[in-house]
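Subject: Structure for you to look through

Dear colleague,

Here is the structure I promised to hand over, and my notes on it follow below. Please keep it open beside you as you read.

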Amino acid sequence: MKKVYLPIIAAMIATPTGNIVSAEELTKTEEQLNTEEVVEVDNSEEWLEDVVEIEPVEEVVVEEGYENLGPLIYKSSAISSKIAANNEGDYFIYYIMHGSPAALVVVDYETKEIVHTFTLEDSKSAWGLDIDEKGKLWIGGSVSSVLYSYDPNTEEFEKHGSIFSNKSDTSIQDLIVSGNKVYAGSAYGGSLVAYDTETKEIEEFGQIRKRKEFVKAIVADEETDEIFVSIGSPMDLLVKKPKTKNFTSFLPAKYMSEKYAQDLILTDDYVVARLYPSNVAVVFDRKTLKIVDEFELKSKTVSTLSPDGKSLYYTKAEQLIKYDFETKEHTELGLYLPKGTEAINLDFILKESEEVIEDETQKEDKTQKEDIDEKDTNVLPSNKPLLKSTPSVIDSSLEKLVDEEPITEEPVKEVPIEEEPKEWILSGMVDNLGQLFEYNPQTSEMKHFQFELPEQPVELYTLASSSDGTKIFANGYMSGGLGVYDVATGNKELYRNISQIESMFDINNKLYIGAYPLARLLVYDRSKPWDTTNPKEVIRLNQYGQERTTAVAPYKDGKEIIFGTLPDASVGGGALAIYDTDTEKMEIHENYIYNQSIVSLVSRGTEVFGGTSIHANQQVNPRGARLFYFNRSNPEDKKYIHLPFDSSMITSLIVDKENKVWGMADGKLFVYTDEWTDIKYVELLPLISGRFRNAQIVEGDDGYIYGSVEGKLFRVTKDLQVEWLKDKGVYGLEKDMNGNLYYYDGSNLWKYTIEKNRDKKQQE
């Protein structure tokens, strides 16, 4: 059987499908714990005492048995921004707000007031932003690679549709405008296109390099017919020279271990690449493509060339730094950003000079002044530029000098007028709240501005049910947050300032959480208020090379909690971590399954069963996914259970009332009793996507096994007879105290009342 593995994520990027994330694109620094790469950048590590009561949304029955309970999580999270002017020189701040759907917020830079908010339909984020020569903003969206534009001159917002023909190109990673062309790069087909803003025609360059999923950054110069791109992962830097069809690599060998350059800056003489994950900017000579300099930085990008044509700016250790291209010197300006932040974007703003340029108003003033001169010899023209038609007046005693001693005028020598450079300021966003700094190099002053940006509904990511079935817990993709739905009353609560959660399980009134990034293990005691110490952090497994805690299960009625992880930078596989809830001690078994991740766990008596994914350490293990088990008394003595088919990941495991182990392996549902009994299975789907989440199964109170796989809802009898219930929009699956099912579609939580209970509900 042919298998197709489509790596699907979001971060710095966007999510092509509802519930699947790649380990590659959501990497953060230790300071950025509460959500980006994608890139969500919230640098606070504090747990804030912030609980929001949300009024219940009236339940609307869409079709029999299905109820939309509405969004659970809202957050104001600006993931990218741009500052630019319209034709009249009025500047605007363009914020992209993460959400389901995402939104464009337009802020007047002068008044700091929101003037427009537009919904980015079909996108959950947008990373590529650029301005054309007419001041129009172009936006590259996610999920289906939609191109949008906003014209500040006409205030018209337009959706131009998907610009990639390859279905694998689901997210626009970057775009740049040069002349009348919008160049856009994609994930996950790694393609490049050029969209003509006048003819609306699209030129496709195709996939830049085989097996490279990302075109992460682009710069182009239409006048010289040059295009520079960064692709990955791992990274390569390429250039397409004039009158050539192919791209040529110019990446030095020393940087081949990098994932990609997340930004490229082009000047007349240089190309600057901001590398990731290392915090290094490399300066290349544009003609020779040789390295002329490199330096460390912490800002997500560097500025373009400053208006005086000499420098660029970046931030490091929260400080603004100036880099001189000619001398290669770095000047620390002694000006600091808010604690824990670095620049996310950097834009220049040209300020109007206080000296008034001769406009129509001044022409009128000049005419009026000349009329006055003819009537009143006391009024003489000033030899300095006028400020708003203010006349210059001399003392009346000068009349005698003028009458008695006429002045012989000498020819005036014309002196070339050197145009003084306009004043300018540097401004940039520093956090997901949309906070800006403004630096004036003329005065050496820095100001900070904060905004109240609108909240957007957040796409849900991970679901869990309380052990008694009275609560449904939901976590938000990228933006985090913990939403709690009360099954009996329909009330909703939102706990903020918790990052993305990869796995969670509730038992004994405690919610055990595997938080991203850094594979942090948290314990939320639900009997106590949510505050700065609750949830409590137990350990960070990144010290063992782990990045995500992708599986969690209780053992012995919650006396111990067992976690499985996905590695990011270790030399082996995921870790098996066992947490004693009484002593609060951790038992860690590193590299448990070599070069594979542990993505599902369940216990049965003294045995613990686990399933793996072949994706680990940014690699794909050629050996198929493994189903294993061990006796708790000796975890290192693990045994493998041979499945009668190959698979890439075993994403969900449960133990039913008859003590049988059920699991989802790719698109197959299997059941295992013991080593003396054959494994039975049924194929639900021939193709699957993702790296560690694509399915979830639960046992229904009516005796069926219910599951969601690739967004489809099904139920299966114990003898493996399959019935499809819904063909799309079903992600995650949990059960409440009444046996009803909950799942999510985008930002909305949904409830499915199964047949057994539907009649009861209608009678009530």
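A good place to begin is E223, which lies in the loop between β17 (214-221) and β18 (226-232), where strands are DSSP runs of E with at least two residues, numbered from the N terminus. E223 is exposed, with a relative accessible area of 78%; here buried means under 20% relative accessible area, exposed over 50%, and partly exposed in between (1.4 Å probe, protein chains only). Together with E133, E222 and D225, E223 forms a negative surface patch, a patch of this kind being made of residues with over 30% relative accessible area and no salt bridge, with like charges joined within 9 Å.

Before going on, please note that this is a predicted model, in which local features need pLDDT of at least 70 and side-chain atom pairs count only at pLDDT 80 or more, while totals for chains, interfaces and linings use all residues. Residues are numbered from 1 along each chain as its sequence is written, and side-chain values use heavy atoms, with hydrogens and water left out.

Turning to the interior, the largest nonpolar core (a set of buried Ala, Val, Leu, Ile, Met, Phe, Trp, Tyr and Cys residues joined through side-chain atoms within 4.5 Å) has 25 residues, and those with the most contacts inside it include Y94, I96 and L120. Among the strands that each supply at least two residues of this core are β5 (78-85), β9 (126-131) and β11 (146-151), and β9 gives the largest share, four residues.

The structure also holds 29 salt bridges, each being a side-chain nitrogen of Lys or Arg within 4 Å of a carboxyl oxygen of Asp or Glu. Which residue forms a salt bridge with K124? The partner is E459, with the closest N and O atoms 3.0 Å apart. K124 lies in the loop between β8 and β9 and E459 in the loop between β34 (456-457) and β35 (460-465), so the pair ties together parts that are 335 residues apart in sequence. K124 is buried at 14% relative accessibility, and E459 is buried as well, at 0%.

Another salt bridge joins the side chains of R540 and E537 (2.8 Å, N to O); R540 counts as buried at 16% relative accessibility, whereas E537 is partly exposed at 32%. Finally, D221, E226, K241 and R286 are linked in a network of salt bridges.

With best wishes

Definitions and conventions. Patches are made of residues with over 30% relative accessible area and no salt bridge: like charges are joined within 9 Å, nonpolar side chains (Val, Leu, Ile, Met, Phe, Trp, Tyr) within 5 Å. Accessible areas come from the Shrake-Rupley method with a 1.4 Å probe; for residues, only the protein chains shown count as cover. Lys and Arg count as positive and Asp and Glu as negative; His and the chain ends are not counted. The place of a charge is taken as NZ of Lys, CZ of Arg, CG of Asp or CD of Glu.
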